Amino acid sequence: ECAEEGLSVVEASGDHWEEAALRYSMGVIRYELGDVVAGVRDLEAAAGVRRRLRDKIGIAEVLNRLGLALVDIGCHLQALDYFERSLALAQEIGDVSGEAVSLRMLAYVHLAQVDGDRKLCLSLYSKSLALSRDMRDILGQAMCHEGMGDALVELHDPKAAAKHYSQALSLREAASKPFFYADAAAAAAA
């Protein structure tokens, strides 16, 4: 109810950037609280506002979030399309962070599919990991290692999986420490 009131105020003000941000936030919150239909509706509305603003970074962000929702409800092929479109936008505008996230999302959907390509999944996580290292994104690196571990378990390589899980744990522990310790720990884990 408060969000709807806030949206009315933002729409009346004509601030489309705030409208897009609010619609995105409302969509994520509603979706996470279990109201899938309303959440997806809000995310699609946010995508529409981002398109009118020609905000390619914002569009890519919304496509990734909609893709995750589609994976959750089992629409893997449509999710792949959203993640690929997000990746293309990130690459077009040189958004390295967005590219790393989109690559992780593509890898995730290949892992989530029963008949997904696990080797492609590893390749996508590896590309995302390289970008995350370049940006010193500790949590991004940890997520890549976790995903690679999951894929390697499915490929029946528990030893390699354990190495990736160990790397992920070290990175997550480093991320929970003050910045200067986290940066040194991430460099040591690389």
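Helices here are DSSP runs of H or I with at least four residues, numbered from the N terminus. Keep that numbering in mind for the legends below, which show a predicted model.

**Figure 1. The whole chain is built from helices, with 10 of them and 0 strands.** Read from the N terminus on, the elements simply go α-α-α-α-α-α-α-α-α-α. The radius of gyration is 18 Å, close to the 16 Å that the globule rule gives for 190 residues, so the protein is as compact as a globular protein of that length. Along its principal axes, the C-alpha trace spans about 55 × 40 × 35 Å. Buried residues account for 45% of the 190 residues. As for contacts with a sequence separation of 6 or more, 45% of them link residues 24 or more positions apart.

**Figure 2. Here is the largest pocket, holding about 250 Å³ of space.** Which helices each supply at least two residues of its lining? They are α4 (56-72) and α6 (96-112). Of the helices, α4 gives the most, with 6 residues in the lining. The full lining consists of Tyr24, Ile57, Ala60, Glu61, Asn64, Arg65, Leu68, Ser86, Asp95, Gly98, Val101 and Met105. Sorted by class, that makes 6 nonpolar, 3 polar and 3 charged residues. On the general idea behind such a search: rolling a probe the size of a water molecule over the atoms shows where empty space is left.

**Figure 3. Ser102 sits in helix α6, with no accessible surface to speak of at 0% relative accessibility.** Is Ser102 buried or exposed? It counts as buried, because its 0% relative accessibility falls under the 20% cut-off. Setting aside neighbours within four places in sequence, Ser102 is in contact with Asn64, Phe83, Ser86 and Leu87. Two of these contact partners, Asn64 and Ser86, also turn up in the lining of the largest pocket.

**Figure 4. Gln91 belongs to helix α5 (residues 76-93).** With a relative accessible area of 43%, Gln91 is partly exposed, whereas Ser102 is buried. The two residues are 11 apart in sequence, and their C-alpha atoms are 9.9 Å apart in space. Which residue does the side chain of Gln91 meet in a polar contact? The partner is the side chain of Glu99, at 3.2 Å.

**Figure 5. Leu70 is a residue of helix α4, the helix that gives the most to the lining of the largest pocket.** Leu70 counts as buried, because its relative accessibility of 11% is under 20%. Beyond its neighbours within four places in sequence, Leu70 is in contact with Cys75, His76, Gln78, Ala79 and Tyr82. Val40 is worth picking out in this view too: Leu70 and Val40 are 30 residues apart along the sequence, with 9.3 Å between their C-alpha atoms.

**Figure 6. Asp117 lies in the loop between α6 and α7.** How far is the side chain of Asp117 from the backbone nitrogen of Leu120? The side chain reaches that nitrogen at 3.0 Å. Asp117 is partly exposed, with a relative accessible area of 39%. For a look across the chain, take Asp117 together with Ala151: they are 34 residues apart in sequence and 9.3 Å apart in space, C-alpha to C-alpha.

**Figure 7. Arg54 and its backbone: phi is near 60°.** Most residues other than glycine have a negative phi, and most peptide bonds are trans. Arg54 is not a glycine, yet its phi is positive. Where does Arg54 lie? Its place is in the loop between α3 (36-53) and α4. Arg54 is exposed, because its relative accessible area of 74% is over the 50% cut-off.

**Figure 8. Arg136 is another loop residue, placed between α7 (118-134) and α8 (138-154).** Its phi is near 60°, again a positive value in a residue other than glycine. Arg136 is exposed as well, with a relative accessible area of 57%. Put next to the previous view, this one shows Arg136 with phi near 60° and Arg54 with phi near 60°.

Notes:
Residues numbered from 1 in each chain as written. Predicted model: local features only at pLDDT ≥ 70, side-chain atom pairs only at ≥ 80, totals over all residues. Heavy atoms only, no water. Buried < 20%, exposed > 50% of the residue type's maximum accessible area, 1.4 Å probe, protein only. Polar contact = N/O pair within 3.5 Å; in protein donor to acceptor, adjacent residues only side chain to side chain. 1 Å grid on protein atoms, 1.4 Å probe; cavity = no way out; pocket = protein on both sides within 12 Å on 5 of 7 lines; lining within 4 Å. Points joined across faces, edges and corners; volume = space filled by probe spheres on them. Nonpolar A, V, L, I, M, F, W, Y, C, P; charged D, E, K, R; others polar. Rg over C-alpha atoms; globule rule 2.2 N^0.38 Å. Contact = heavy atoms within 4.5 Å.
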